[in-house]
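This briefing goes through a predicted model. Please keep the sequence and the structure in view while reading, since the points below are grouped by topic.

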Amino acid sequence: MTTYRVGYFVGSLSTKSINRLLALALAGVAPPELQLTEIPFKDLPIYSPDLEANYPPAARALKDAIAAADAVLFVTPEYNRSIPGGLKNAIDWASRPYGQNSFSRKPSAVIGASPGAIGTAIAQQHLRSLLGYCNSPQMNSPEAYIQFTPGLITAEGRITNEQTEAFLRNFMAELHRFIVRVYMVLPRNA
């Protein structure tokens with residue numbers, strides 16, 4: 001059995017984020033071939049090309065964490081019809097300096113939760129645009145816009161709705177199959 005390391009980003013920096021709960025739940029329903037590890041980014045300075053000559057330690061740690069992952073998963077809320085600024089900042093750091101884009105040829109997937117009925121649909125579309133520019137192969141289906149209701153996911157990451165659990169379990173199984181397909185076409189060392 002081949003195990004794939006999936007580094008995940010929680011778009012919200014809040015420790016009480018519903019997307020942090022969603023990430024915990026996803027780890028619980030992931031197939032055994034996927035090993036999930038959070039990629040933190042809260043300590044990054046605001047990106048500036050002036051800092052590239054002397055890359056800050058937090059930015060180097062970010063790039064190293066992405067390099068250690070076989071794929072990346074973005075679990076993000078929607079802020080003002082887009083992704084949170086901290087997540088955008090992390091993407092900016094990881095994709096630079098020019099020619100050293102950490103997301104290039106790295107399989108990716110996007111999911112998010114929101115109390116609203118459309119979940120995080122608009123934020124996910126913005127994020128997909130960024131990932132396309134960063135040359136990251138994206139899992140386009142199934143799309144996952146989770147309407148979060150109180151109690152949907154416990155503090156321990158248990159999903160309390162059977163239909164939601166089945167959907168999320170399938171989402172993670174599809175992520176596994178997608179990663180396998182990407183690496184059949186784009187070998188890691190090429």
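Leaving out residues up to four places away in sequence, Met172 touches Leu26, Val29, Ala30, Pro31, Leu34, Leu36 and Leu73. Met172 is also listed, together with Leu22, Leu26, Leu34, Leu73, Ile111 and Phe171, among the residues with the most contacts inside the largest nonpolar core, which has 33 residues.

**Nonpolar cores**

- The elements that contribute two or more residues to the largest core are β1 (4-10), α1 (18-29), β2 (34-38), β3 (71-75), β4 (108-114) and α5 (162-185).
- Of these elements, α5 supplies the largest share of the core, namely eight residues.
- A second core, separate from the one just described, has 23 residues, and Ile39, Tyr47, Ala90 and Trp93 are included in it.

**The sheet**

- Five strands, in the order β2-β1-β3-β4-β5, make up an open sheet in which the pairing is parallel.
- Because β2 and β5 (145-147) stand at the edges and each has a single partner strand, one side of each is left without a neighbour in the sheet.
- On average, and with direction ignored, neighbouring strands of this sheet are turned by 25 degrees against each other.
- Between β1 and β2, which run parallel, there are five bridges, and Gly7 stands opposite Thr37 in β2.

**Helix α2**

- The 12 residues of α2 (residues 57-68) should span 16 Å at 1.5 Å a residue, and this agrees with the model because the end C-alpha atoms of the helix are 16 Å apart.
- Ala59, Leu62, Lys63 and Ile66 are the buried residues of α2; they cover an arc of only 90 degrees around the axis and therefore lie on the same side of the helix.
- The cover over these buried residues of α2 includes β1, β3 and α3 (85-94).

**Helix α4**

- Helix α4 (residues 121-133) lies across β3, β4 and β5, and it runs at about 160 degrees to β4.
- For the 13 residues of α4, a rise of 1.5 Å a residue should give a span of 18 Å, which agrees with the 19 Å that separate its end C-alpha atoms.
- The buried residues of α4 are Ala121, Ala123, Gln124, Leu127, Arg128 and Leu131; because they cover an arc of only 150 degrees around the axis, they are placed on the same side of α4.
- These buried residues of α4 pack against β3, α3, β4 and β5, whereas Ser129 and Tyr133 are exposed on the other side of the helix.
- Just after α4, Asn135 takes a positive phi of about 60 degrees.

**The start of the chain**

- Met1 is found in the segment before β1, and with a relative accessibility of 72% it counts as exposed.
- Although Met1 and Pro32 are 31 residues apart along the chain, their C-alpha atoms are separated by 9.0 Å.
- Apart from its neighbours within four places in sequence, Met1 is in contact with Pro32 and Glu33.

Definitions and conventions: Residues are numbered from 1 along each chain as its sequence is written. This is a predicted model: local features need pLDDT of at least 70, side-chain atom pairs count only at pLDDT 80 or more; totals for chains, interfaces and linings use all residues. Side-chain values use heavy atoms; hydrogens and water are left out. A nonpolar core is a set of buried Ala, Val, Leu, Ile, Met, Phe, Trp, Tyr and Cys residues joined through side-chain atoms within 4.5 Å. Buried means under 20% relative accessible area, exposed over 50%, partly exposed in between (1.4 Å probe, protein chains only). Helices (H or I, at least four residues) and strands (E, at least two) are DSSP runs, numbered from the N terminus. Contact means heavy atoms within 4.5 Å. Two strands pair if DSSP finds at least two bridges between them. Axes are lines fitted to C-alpha atoms, for helices over the stretch in contact, and angles run from 0 to 180 degrees between N-to-C directions. The expected span of a helix is 1.5 Å times one less than its number of residues. The arc is that of the directions from the helix axis to the C-beta atoms.
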